[in-house]
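Welcome! Here are a few exercises to work through with the model open beside you, each followed by a solution in steps.

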Protein chains: 2
Amino acid sequence: MTDAFENQSQDNLETSLAQVQNLLARMRLAEENAYKQGGAQQDPTEDLVRTRNLTDLQRKLEDLHPADIAYILEALPLDERRLVWSLVHAENDGEILLEVSDSVRESLIQTMDKAELLAAAESLDTDEIADIAPDLPRDVIEELLTTLDAQKRAHLQSALAYPEDTVGALMDFEMVTIRADVTLEVALRYLRRLGELPDQLDKLFVVDRVDEIIGVLPLKRLLTTDPEASVAAVMVEDFVKFHPEDEAHEASQAFERYDLVMAPVVDVQGRLIGRLTVDAVVDYIRESADADMLSMAGLKEEEDLFSSVWHAAKNRWMWLAINLGTAFIASRVIGGFEGSIAKLTALAALMPIIAGIGGNSGNQTTTVIIRGLALGHITQANARQLVKKEIGVALLNGLMWGSVVGVFAWLLYDNLALGGVMALAMLLNLLVAALAGIFIPMTLERVKRDPAIGSSVLLTAITDSMGFFIFLGLATLLLL
Amino acid sequence: MTDAFENQSQDNLETSLAQVQNLLARMRLAEENAYKQGGAQQDPTEDLVRTRNLTDLQRKLEDLHPADIAYILEALPLDERRLVWSLVHAENDGEILLEVSDSVRESLIQTMDKAELLAAAESLDTDEIADIAPDLPRDVIEELLTTLDAQKRAHLQSALAYPEDTVGALMDFEMVTIRADVTLEVALRYLRRLGELPDQLDKLFVVDRVDEIIGVLPLKRLLTTDPEASVAAVMVEDFVKFHPEDEAHEASQAFERYDLVMAPVVDVQGRLIGRLTVDAVVDYIRESADADMLSMAGLKEEEDLFSSVWHAAKNRWMWLAINLGTAFIASRVIGGFEGSIAKLTALAALMPIIAGIGGNSGNQTTTVIIRGLALGHITQANARQLVKKEIGVALLNGLMWGSVVGVFAWLLYDNLALGGVMALAMLLNLLVAALAGIFIPMTLERVKRDPAIGSSVLLTAITDSMGFFIFLGLATLLLL
């Protein structure tokens, strides 16, 4: 499929991006000049320059692989992105929409009318249409369903039916099946007659009369075994298969563990309904790692680098609001000790240290636990061991860093008792942080929520409030 | 290669882990009973039970794929992990060492003597030996180099020579090459004579007399084209290739972009030296996403879930120490305003809100920028646009959240001026956070450091100190 385009290394790709940016900058300059000279009577040479630049840009884009155009579109501000998008050959629209990120896809689809969207979607496979379907207007999808033939419509509807993050949402339908009772020679002739094979095909699926999969025939076996042998004799009967309801997360771990290139997807009766390929898995792994990173930083979803200020702000509000809520609570904890602070203002200067290091240390624990949960390494049987280990680390860190901050406070304020309170508060808050760092992600996991989302905010809420409470409380009890 | 083992879905895998844990628990119980009854005269039936449990465990392990045993080892505490490891068939040692994480590999290698390590390493391909080499004792590697044949030694030395995170460190040497002047028929016969093909092989490399790669022959073309055609006529001359010095990060993006299964690795003269396969790329993507997540949370490196307290604490000290340093600075900033706080203790309760929300908001900006840098979307040409957008978001958020916290402070303390200072300080600190959130990762990138590491700590240092300074400074100027 991609053979016709010039594939590019990252260096070449960056050069292409720079060339496009350069052409766009020149066009912008020319337009600004024209505007300065008065918009009414335009200089004909300016017009000529603009046309030449446009042609250069269009020619440059024609040479590029759809995935590379997608990359360039991601890196362009909205108005330039729209211009480049309008110059792209319509036949590549579908492929490019598939490659760009969700947020950029949205910005591109906004500029297209119904006919263009239909044409773009029709150039794609059904599983690919399903991938971009969430961003397509309702009426486009309905019209698409009427234009597809019965089999494709069934494929599209089934792909749309599976929730995101399941194997069903990632699978495609491009597979080659054979019967067990023929010889390899026949299989080879059959392939030659097909003329073209799907990408990422490393095995044929061997099915019986009711489409139940009974084995797989790896191409490498087909190529290295005597053609007289029968498929039944050569096929592998013990192979990895998935159900469409399986979690994509677990399927991706199986691909990683068994170094798979593709695997069949079957229904409960064992009948073949599709296949999962490694390129879909790679995309999934990358996207879910990105999504984790974004949500841990408090972004609701992936954000177009050049989205409008309004869009970006909305994407960030939810977590800011939650953080503000927890900050208000922490603030009220401090408010309860204002009398103590008035008597000993050093407390105000020292309290953020206790809260801050507690938060950092708890986040380290939470991250180790989240990773262990994602990899399936944490079970009922070993959870107690983990608690013991984290409490051990907290005690060790508490004694060590507690001493450091204790000495710091003692020397700075020439107050030994204050140093002692500081050290004790640090030790206690690190213990709180360790326990919260374990139980927050484990509880989220138990109630079937993603522990990567929200753990950090909850944790900081606890280490802040408890840090202030422990330190100011101890100081009030022991110092005042 | 993996055909002989029972491949398992995640569910089965978790069941296997539970079975192993169960057997181990029974053995532990039996031992504790024996101990209670006095270690000297052991009950012969206890001994029998223990032996039977051991046999059950060994039988269970024999059925498992090396990758699955690796998974189970990761999930076991140290003493049980050592017991299971001692029961594993020695012939699988190499494969398992390859599959476990670095930290667990270390714990396993510690239990092995030189002869065992040599045997395990010799069961692996040279590129695989290179993968575990950093954890092997120096003398084992030296002995290995003397036992390998000349070609393998050269492979191992070249694989060891390339730094981690380059294509050279990920490539392997299992490829099949043919000449351009033969027919497909000859190529097919050649493959049949080879008898076995490497995993993840989706194309043959077409080389000339000096081993320069002049094309690739996808297996799907080989299978669907008339066997009379010559390789030269059917091969693809425009294909993605890598140099061993290329960054693994960029190669993985190319695999993702062009949906590759494998690609040739060539030297500067274009001579074939190895290949990069998608399974190595998948492992790399997963590992580097994990490493980013861990380092963003302030862990020096990947941590064995069951590492000793001492090991775990050491892994976490560096970032805790750095955080403590920045907390001390922030504390001194507050210390400079102790006089103001003594006069108006409400300041102490309100100041963490300004600092905290500044940190959250700056982290959102930093994360968007880090991701844009990693994907290569941020360039000189569009950086100004990004600054404009982030300042816009900061102004919008500052007005909105500033009003919220302003009203909160006003109502709580019945002090309108205090509310005004609060709102203004919030706005200013969000602007500081936006600028720091952009410039910190971009500066780290420019000085060739990973922006994912350290950006967050630096950012929080700035938003904390500046948040306290702005709020307490404004309050001192305007309120007191």
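## Exercise 1: the three-stranded sheet

In chain A, strand β2 (residues 203–207) and β3(A) pair in the antiparallel sense over five bridges. Strands here are DSSP runs of E with at least two residues, and helices are runs of H or I with at least four, both numbered from the N terminus. Two strands pair if DSSP finds at least two bridges between them. Before going on, note that this is a predicted model: local features need pLDDT of at least 70, side-chain atom pairs count only at pLDDT 80 or more, and totals for chains, interfaces and linings use all residues. Residues are numbered from 1 along each chain as its sequence is written, while chains are lettered from A and ligands numbered from 1 in the order in which they are written.

Task: find the bridge partner of A:K203 in β3(A), then work out which strands of the sheet stand at the edges.

Solution.
- Step 1. Start at A:K203 and cross to β3(A), where its bridge partner is A:P218.
- Step 2. Place this pair of strands in the whole sheet, an open one of three strands in the order β1-β2-β3 (chain A), with mixed pairing.
- Step 3. Each of β1 (177–178) and β3 (213–218) of chain A has a single partner strand, so these two stand at the edges, and one side of each lacks a neighbour in the sheet.
- Step 4. Turn to chain B for another bridge: B:F205 has B:V216 in β3(B) as its partner.

## Exercise 2: a hairpin

Task: describe how β4(A) and β5(A) are connected, and say how many residues of β5(A) are buried.

Solution.
- Step 1. Strand β4 (residues 262–266) of chain A runs antiparallel to β5(A), and five bridges join them.
- Step 2. One opposing pair is A:V265 and A:G274, the latter in β5(A).
- Step 3. The two strands make a hairpin with five residues between them, and A:G270 in the turn has a positive phi of about 85 degrees.
- Step 4. Strand β5 (residues 272–277) of chain A is mostly covered, with five of its six residues buried. A residue is buried if 20 or more other C-beta atoms, placed from the backbone, lie within 10 Å of its own; 12 or fewer make it exposed, and anything in between partly exposed.

## Exercise 3: checking a helix

Task: compare the expected and actual span of helix α16 (residues 278–296) of chain B.

Solution.
- Step 1. The expected span is 1.5 Å times one less than the number of residues.
- Step 2. For the 19 residues of α16(B) this gives 27 Å, and the end C-alpha atoms are 27 Å apart, which agrees.
- Step 3. Look for buried residues in α16(B); among them are B:V278, B:Y284 and B:M296.
- Step 4. Just after α16(B), find B:G298, which takes a positive phi of about 85 degrees.

## Exercise 4: two chains together

Task: how many residues of chain A are in contact with chain B, and what rotation superposes chain A on chain B?

Solution.
- Step 1. Contact means C-beta atoms, placed from the backbone, within 7 Å. By that rule, 107 residues of chain A touch 107 residues of chain B.
- Step 2. Helix α19 (residues 346–374) of chain A gives the most to its side, with 15 residues.
- Step 3. A rotation of 180 degrees with 0.0 Å of shift along its axis superposes chain A on chain B (RMSD 0.0 Å), by least squares on C-alpha atoms of residues with pLDDT of at least 70 in both. This is the relation of a two-fold axis.
- Step 4. The same surface serves both copies, as 100% of the contact residues of chain A recur in chain B.

Note on methods
Contact = placed C-beta atoms within 7 Å.
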